[in-house]
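Q: Hi, could you go through this structure with me? I am new to this, so please take it slowly.

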Amino acid sequence: MTTVLEHEQKTVPAGGVLRAGYRGATFGIVLVVTLLAFESMAVGTVMPVVTDDLNGLSLYAWGFSATLIMSLLSTVLAGGWVDRSGPVRPLLAGLGTFVAGLVVAGAAPSMWLFVAGRAVQGLGTGVSLVALYVVIARVYPEELRSRVFAALSAAWVLPSLIGPAVGGVVAEHAGWRWVFLGLVPLVVPPTVLLVPALREIRTVDVAPTPGRGRYVAAVSVAAGAGVMLYGFDRPGWTLALAAVAGLAGLAFGLPRLLPAGTLRLRRGLPSVVLVRGLLSGSFFGMDVFIPLALTRLHGFSAAQAGIVLTVGALGWSAASQIQGRSQRPREFYALLGAVLVTAGIAAAAVTLQLSGWLAAPAWIIGGAGMGFAIGSLSVLLLDLSPEEEQGVNSSALQIGDTLGSSLVVGAAGALVAGFGTARLGTGLAVAGTLFAAIALLGVFAALRLEVRE
């Protein structure tokens, strides 16, 4: 492990991540993430068409929740697998599973089978992302990793801009099934590009096999999250019981899956994981409710609301490129990002009560904060992880992202629904305050990132 100072003093190789020896791996990794991102962004557009065609309105939410829960479960289980066998087989298996899920969902004759296909997609996505993190750690030297993660952030920009629109056009003119089936052949080119790099990945000492307790903890966390998401849509006693059961599952599983001290803001690696979860939850929570506020409070069309989200994505991409090329310590950008995310959420919450278009510059600030923070936190995690623990720790990072985003959005949705349509503005203001408070906690956690050897 190197210190941050040693890391920053290293010279970035000429040509960066696109020089000979890295070019194929870089294009392959970016294309894989682009495909995963496109599917994630496009599915929201076609889900109403899917439910109409398959008469599955009662299972509408599970078209999203099944993917989330299985992704969470596979993320946990993949960490130990990657550490034991290396990232090659898990990555190829994850991509194969993702493709199988696309086929099942695209060919589904019923809503139940469609949900099953989405669950299989989640399994593949979780394994693939954990394996990709370790591929980055094994293929690139430390001084290039920040640039790789900057490229991954950029890979989300195009799907964010065109994913929903392309999904809608495909569903309208070719049928919703081709939104899924059309991606199947597109998985082949990035896989071919990655094969030479995967062959060169060195082996490391085999990590101890995780005990049965880790697998039980993984199931407990996935089940707890699923129960809570189910309860959020059902106020009353169902919500109360689901909250108790879900919290019990999370309380049992999370301490066994996250680095020791994560929930106590312990310095170093635990705080890296916690900051990612807090920032993801707060930012994506606000990102989900901005279109609702714009359309319901200010009469925006869906296209106009999309513009506000787009500028946030562009801010994210620009800031990610800046941090990726900077020689400043990663802790600096993680803290700066947390501050900007908090400021952007607070500004958006206020401006949405006044004027819709004022939310655009506010969301550029929030997006820039995520761009500065996310890639830097990814680099810190790999720098602080022994090679034999990179898979487990990468899975912990993904767990934080997934839980932070899903549970915060679910809780805020229940909160807004509780205020009702007549008081929607008040409900959104309260939700925005919740998001800002969570981001502010991320600032305090970011202050504990410094590690001294």
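**Talking through the model**

A: A good place to begin is with the contacts: among those in the protein chain with a separation of 6 or more, 83% are between residues 24 or more positions apart. Please keep in mind throughout that this is a predicted model.

Q: How many helices and how many strands are in the protein chain?
A: The protein chain has 17 helices and zero strands.

Q: And what is the average pLDDT of the protein chain?
A: The average pLDDT is 79, and 85% of the residues score at least 70.

Q: Which elements have the lowest and the highest mean pLDDT?
A: Helix 1, covering residues 4–9, has the lowest mean at 39, while helix 4, covering residues 88–107, has the highest at 92. The pLDDT also stays under 50 over residues 1–12, a stretch for which the model has 27 contacts beyond four places in sequence.

Q: What share of the residues count as buried?
A: Of the 453 residues in the protein chain, 54% count as buried. The chain still exposes about 18,400 Å², and carbon and sulfur atoms supply 68% of that area.

Q: Which residues touch the most other members of the largest nonpolar core?
A: That core has 129 residues, and those touching the most other members are Phe114, Tyr140, Phe180, Met286 and Leu403. Helix 5 supplies the largest share of this core, with 14 residues.

Q: New topic: how many salt bridges does the structure hold?
A: The structure holds two salt bridges. In one of them Arg118 pairs with Glu39, and their closest N and O atoms are 2.3 Å apart. Arg118 lies in helix 5 (residues 111–139) and Glu39 in helix 2 (residues 23–54), so this pair ties together parts that are 79 residues apart in sequence.

Q: Are Arg118 and Glu39 buried or exposed?
A: Arg118 is buried, and Glu39 is buried as well.

Q: What about Arg177, which residue does it form a salt bridge with?
A: Arg177 forms a salt bridge with Asp53, and here the closest N and O atoms are 4.0 Å apart. This pair also links distant parts of the chain, since Arg177 is in helix 8 (residues 177–181) and Asp53 is in helix 2, 124 residues apart.

Q: And why do Arg177 and Asp53 count as partly exposed?
A: The partly exposed class runs between 20% and 50% relative accessible area. Arg177 counts as partly exposed because its relative accessibility is 25%, and Asp53 does so because its value is 47%.

Q: Could we look at single residues now, and where is Trp81 found?
A: Trp81 is found in helix 3, which covers residues 62–85, and with a relative accessibility of 29% Trp81 counts as partly exposed. Leaving out residues up to four places away in sequence, Trp81 touches Gly86, Arg89, Pro90, Ala93 and Val127. The C-alpha atoms of Trp81 and Val130 are separated by 9.9 Å, although these residues are 49 residues apart along the chain.

Q: Ser71 is found in helix 3 too, right, so what does Ser71 touch?
A: Ser71 is indeed found in helix 3, and beyond residues up to four places away in sequence, Ser71 touches Gly122, Leu123 and Gly126. Ser71 is buried, because its relative accessible area is 12% and buried means under 20%.

Q: Where is the place of Leu95, and what is it in contact with?
A: Leu95 has its place in helix 4 and counts as buried, at 5% relative accessibility. Leaving aside neighbours within four places in sequence, Leu95 is in contact with Val32, Ser128, Val187 and Thr191. The C-alpha atoms of Leu95 and Val188 are separated by 9.5 Å, with their positions 93 residues apart along the chain.

Q: One more residue: where is Val148 found?
A: Val148 is found in helix 6, residues 142–155, and counts as buried at 4% relative accessibility. The C-alpha atoms of Val148 and Gly375 are separated by 8.5 Å, and the two are 227 residues apart along the chain.

Q: Last one: how many residues of helix 15 are buried?
A: Helix 15 is mostly covered, with 23 of its 26 residues buried. At 1.5 Å a residue, helix 15 (residues 359–384) should span 38 Å, and its end C-alpha atoms are 37 Å apart, which agrees.

Note on methods
Residues are numbered from 1 along each chain as its sequence is written. This is a predicted model: local features need pLDDT of at least 70, side-chain atom pairs count only at pLDDT 80 or more; totals for chains, interfaces and linings use all residues. Side-chain values use heavy atoms; hydrogens and water are left out. Helices (H or I, at least four residues) and strands (E, at least two) are DSSP runs, numbered from the N terminus. Buried means under 20% relative accessible area, exposed over 50%, partly exposed in between (1.4 Å probe, protein chains only). Contact means heavy atoms within 4.5 Å. A salt bridge is a side-chain nitrogen of Lys or Arg within 4 Å of a carboxyl oxygen of Asp or Glu. Accessible areas come from the Shrake-Rupley method with a 1.4 Å probe; for residues, only the protein chains shown count as cover. A nonpolar core is a set of buried Ala, Val, Leu, Ile, Met, Phe, Trp, Tyr and Cys residues joined through side-chain atoms within 4.5 Å. pLDDT is the predictor's confidence in each residue, from 0 to 100. The expected span of a helix is 1.5 Å times one less than its number of residues.
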